[in-house]
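Biologist: Please take a close look at a single part of this model, beginning with the side-chain packing and then following the strands outward to the charged residues. I would like one connected account with the values left in.

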Amino acid sequence: MNHDRVHAREPSHHVDQWSVGVVESIGERDGHCVVTVRPTVSEREAGGDEAVADGDRGEPVELTLTLAVRDLFVSRLPIDDGESPVGERVWYRERGG
């Protein structure tokens, strides 16, 4: 199975190939992690540090990850142990992207 990719921090490589989103939910299905991300307009696309309005968000995207990748990316988010990653900004690439 091909898996999607996700980063807790802005990637420094091939930046134009990554999308920015906010975690809406995280769970498990069939032994894999499923992260639902709502795409957002990146600060670069928005033209600065302006807040992104809800109207600038796309349809949710389901990302399928291994449980090991989930643990790694969640550990790198700026949240406390046991705190939910929902609402955190992430960078992602869908398989084949």
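**The sheet and the side chains around it**

Modeller: Phe-73 is in contact with Val-6, Ala-8, Ile-26, Val-35, Leu-65 and Val-90, leaving aside residues up to four places away in sequence. The model is predicted, and every value below is computed from it. Val-35 and Val-90 recur in the account of the nonpolar core: with Phe-73, they are the residues that have the most contacts inside the largest one, which has 14 residues. Strands E3, E4 and E5 are the elements that give two or more residues to this core.

The strands belong to one open sheet of five, in the order E1-E5-E2-E3-E4, and the pairing is antiparallel. At the edges are E1 (5–7) and E4, each of which pairs on one side only. From one strand to the next the twist averages 45 degrees. Helix H2 packs on this sheet and touches E1, E2, E3, E4 and E5. The direction of H2 makes about 130 degrees with that of E2.

Strand E2 merits the close look, and its two neighbours can be taken in turn. In general, strands of a sheet pair through backbone hydrogen bonds, in either the parallel or the antiparallel sense. On one side, E2 (residues 19–29) pairs with E5 (residues 89–93) in the antiparallel sense, over four bridges. Within that pairing, Gly-21 has Val-90 as its bridge partner in E5. Val-90 is therefore a point where the pairing and the packing meet, being the partner of Gly-21 as well as one of the residues with the most contacts inside the largest nonpolar core. Ser-19 is opposite Tyr-92, also in E5.

On the other side, E2 is joined to E3 (residues 32–39) by eight bridges, and these two strands also run antiparallel. Ser-25 stands opposite Thr-36 in E3. E2 and E3 form a hairpin that has two residues between the strands. One of the turn residues, Asp-30, has a positive phi of about 55 degrees.

The charged side chains of E2 reach several other elements. By the distance rule used here, there are four salt bridges. One of them brings Arg-38 and Glu-24 together, with N to O at 2.9 Å. Arg-38 is in strand E3 and Glu-24 in strand E2, 14 residues apart, and the pair links distant parts of the chain. Arg-38 has a relative accessible area of 22%, which makes this residue partly exposed. Glu-24, at 35%, is partly exposed as well.

A second salt bridge joins Glu-28 to Arg-70, with 3.1 Å between the closest N and O atoms. Here the link runs from strand E2, which holds Glu-28, to helix H2 (residues 67–75), which holds Arg-70, and the two residues are 42 apart in the chain. The two ends of the pair fall in different accessibility classes: Glu-28 is exposed, with a relative accessible area of 56%, whereas Arg-70 is buried, because its 18% is under the 20% limit.

A third salt bridge is that of Arg-29 with Glu-62, with the closest N and O atoms 3.2 Å apart. Arg-29 is in E2 and Glu-62 in strand E4 (residues 61–65), 33 residues away along the chain. Both ends count as partly exposed: Arg-29 at 42% relative accessibility, and Glu-62 at 45%. Salt bridges with shared partners also join Glu-28, Arg-70 and Asp-71 into one network.

One more charged residue belongs in this picture. Arg-93 is in strand E5, the partner of E2 over four bridges. At 15% relative accessibility, Arg-93 counts as buried. Residues up to four places away aside, Arg-93 touches Asp-4, Arg-5, Gln-17 and Trp-18. Of these, Gln-17 is 76 residues from Arg-93 along the chain, yet their C-alpha atoms are separated by 7.2 Å.

Definitions and conventions: Residues are numbered from 1 along each chain as its sequence is written. This is a predicted model: local features need pLDDT of at least 70, side-chain atom pairs count only at pLDDT 80 or more; totals for chains, interfaces and linings use all residues. Side-chain values use heavy atoms; hydrogens and water are left out. Two strands pair if DSSP finds at least two bridges between them. Buried means under 20% relative accessible area, exposed over 50%, partly exposed in between (1.4 Å probe, protein chains only). A nonpolar core is a set of buried Ala, Val, Leu, Ile, Met, Phe, Trp, Tyr and Cys residues joined through side-chain atoms within 4.5 Å. Contact means heavy atoms within 4.5 Å. Axes are lines fitted to C-alpha atoms, for helices over the stretch in contact, and angles run from 0 to 180 degrees between N-to-C directions.
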